[in-house]
Amino acid sequence: MTERKIPLRKCIGCGEMKDKRELVRIVRNKEGEISVDFTGKKPGRGAYICKNTACLDKAEKRKSLSRAFSSPVAPEIYEVLRKELAE
């Protein structure tokens, strides 16, 4: 049997390539709403981040989410993401 390919994604916080299942997907839909997608199946533009707040802090400092979504991200979004990742 051949081995299945493991999909890798890059964390926007630390920049490391990791298994897709180890990361959390953040999605911007067509209406411009940003949400956390733990299933990885919501429609829209996605960016991946590690499941710790240190990577989220780095991403906020570098404005990585704004760059990934090609639109400004409000600071309130980062607070919501912190609460969701803490759970």
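How much area does the protein expose, and what share of it do carbon and sulfur atoms supply? In this predicted model, the exposed area comes to about 6300 Å², and carbon and sulfur atoms supply 51% of that area.

**Overall architecture**

The secondary structure of the protein consists of 3 helices and 5 strands, and, when the chain is read along its sequence, these elements follow the pattern β-β-β-β-β-α-α-α. The C-alpha trace spans about 50 × 30 × 25 Å along its principal axes. The radius of gyration is 13 Å, which agrees with the value near 12 Å that a compact globule of 87 residues would have. Of the 87 residues, 32% count as buried, and, among the contacts between residues at least 6 apart in sequence, 42% join residues that are at least 24 apart. As for charge, the protein carries 21 positive and 13 negative side chains, and the centres of these two sets lie 6 Å apart.

**The cysteines**

How many disulfides does a search of the whole structure find? The search finds 0 disulfides. For Cys14 the closest cysteine sulfur is that of Cys11, and no bond is assigned because the distance of 3.7 Å is too far for one. Cys55 is likewise in no disulfide, and its nearest cysteine sulfur, which belongs to Cys50, is 3.7 Å away. The surroundings of these residues can be described by their accessibility: Cys14 counts as partly exposed at 24% relative accessibility, whereas Cys55 is buried, with a relative accessible area of 5%.

**Two buried positions**

Leu65 lies in helix α2, which covers residues 64-69, and this leucine counts as buried because its relative accessibility is 0%. Leaving out residues up to four places away in sequence, Leu65 touches Ile12, Ile26, Ala47, Ala59, Val73, Tyr78 and Leu81. The C-alpha atoms of Leu65 and Ile49 are separated by 9.8 Å, and these two residues stand 16 residues apart along the chain.

Gly13 is placed in the loop between β1 (8-10) and β2 (17-19), and is buried, with a relative accessible area of 0%. Apart from neighbours within four places in sequence, Gly13 is in contact with Cys55, Lys58, Ala59 and Arg62. Ala59 is therefore a residue that appears in the contact list of Leu65 and in that of Gly13, as judged by heavy atoms within 4.5 Å. Gly13 and Ala47 are 34 residues apart in sequence, and their C-alpha atoms are 10 Å apart in space.

**Two loop residues with positive phi**

Most residues other than glycine have a negative phi. Against that background, Lys63 has a positive phi of about 60° although it is not a glycine, and Ser70 has a positive phi of about 55°, again without being a glycine. Where do they lie along the chain? Lys63 lies in the loop between α1 (53-62) and α2, and Ser70 lies in the loop between α2 and α3 (75-86). Lys63 is exposed, with a relative accessible area of 56%, and Ser70 counts as exposed at 68% relative accessibility.

**Accessibility at a glance**

| Residue | Relative accessible area | Class |
|---|---|---|
| Gly13 | 0% | buried |
| Cys14 | 24% | partly exposed |
| Cys55 | 5% | buried |
| Lys63 | 56% | exposed |
| Leu65 | 0% | buried |
| Ser70 | 68% | exposed |

Terms used. Residues numbered from 1 in each chain as written. Predicted model: local features only at pLDDT ≥ 70, side-chain atom pairs only at ≥ 80, totals over all residues. Heavy atoms only, no water. Helix = DSSP H or I, 4+ residues; strand = E, 2+ residues; numbered from the N terminus. Rg over C-alpha atoms; globule rule 2.2 N^0.38 Å. Buried < 20%, exposed > 50% of the residue type's maximum accessible area, 1.4 Å probe, protein only. Areas by Shrake-Rupley, 256 points an atom, 1.4 Å probe, with all protein chains shown as cover. Lys, Arg positive; Asp, Glu negative; His and termini not counted. Charge placed at Lys NZ, Arg CZ, Asp CG, Glu CD. Disulfide = S-S within 2.5 Å.
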